[in-house]
Amino acid sequence: MKTVFYRIVLYISGVALILNGLALVDFVLHPAAGDHNFHSALFRAVSVLVVIPLTLLVGFLIIRRVPGNVVGPLLIMWSGSVAYYSIRDDIGQVWFSLYYFYNIAFGWFSLFLLILHFPDGTIYPPVTASWIYRIAIPNVLSGTLIFLSQAVLPVPAGIINPF
């Protein structure tokens, strides 16, 4: 079960790296634009130029120093959620929805799993490990169903399913 979980986390970490790259490209193209939450260009700059690179650096160092430990890839998954908070308002409905979906389906849950697996990659107490992995599937499924609903979601700013 753990190896399947580790592979899934690695794939989702790849998606997070793509989202981080898109956030960086968007920041380079529009450096003075504010983020969608605080409308601050400074918050956006600190997020994209400091917080995301440091999070990625620590995640890759953990992967390099302790192969097979899921904490590093989970930290990289969390960096995708940090990228969501640094995007601007007018990035486009589809891109904003993609970041929002990642945040509700994987972002915060990856932080929860990161805390549970810290520091050596195993869940304490070990008896709860099977329950935690079983919770992962309904969490991702409910996040996906919320995102694919036809209703207008109240946060952030009346987002709708662009597809």
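**Exercise 1. Is Val70 buried or exposed, and what surrounds this residue?**

This is a predicted model, in which local features need pLDDT of at least 70, side-chain atom pairs count only at pLDDT 80 or more, and totals for chains, interfaces and linings use all residues. Residues are numbered from 1 along each chain as its sequence is written, and side-chain values use heavy atoms, with hydrogens and water left out.

Step 1. Val70 has a relative accessible area of 2% and therefore counts as buried, a term that means under 20% relative accessible area, with exposed over 50% and partly exposed in between (1.4 Å probe, protein chains only).

Step 2. Val70 lies in the loop between helix H2 (41-65) and H3, where helices are DSSP runs (H or I, at least four residues) numbered from the N terminus.

Step 3. Not counting residues up to four places away in sequence, Val70 touches Phe5, Tyr6, Val9, His117 and Gly121, contact being heavy atoms within 4.5 Å. Val70 and Val9 are 61 residues apart in sequence, yet their C-alpha atoms are 7.7 Å apart in space.

**Exercise 2. Check the span of helix H3 (residues 71-85), then describe how H2 and H3 pack.**

Step 1. The expected span is 1.5 Å times one less than the number of residues, so the 15 residues of H3 should span 21 Å, and the 22 Å between its end C-alpha atoms agrees with this. Of these 15 residues, 14 are buried, and H3 is thus mostly covered.

Step 2. The axes of H2 and H3 are 8 Å apart and meet at an angle of about 170°, the axes being lines fitted to C-alpha atoms over the stretch in contact, with angles from 0 to 180 degrees between N-to-C directions. H2 is therefore roughly antiparallel to H3, because angles over 145 degrees count as such, while those under 35 are roughly parallel, 65 to 115 roughly perpendicular and the rest oblique.

Step 3. Residues of H2 that meet H3 include Phe43, Val51 and Ile63, and those on the H3 side include Val71, Leu75 and Tyr85.

**Exercise 3. Place Asn103 in its surroundings.**

Step 1. Asn103 is found in helix H4 (residues 93-117), and its 4% relative accessibility is why Asn103 counts as buried.

Step 2. Leaving aside neighbours within four places in sequence, Asn103 is in contact with Ser81, Tyr84, Tyr85 and Trp108. The side chains of Asn103 and Trp108 make a polar contact (3.5 Å), that is, a pair of N or O atoms within 3.5 Å, where within protein one must be able to donate a hydrogen and the other to accept it, and residues adjacent in sequence count only if both atoms are side-chain atoms.

Terms used. Helix = DSSP H or I, 4+ residues; strand = E, 2+ residues; numbered from the N terminus.
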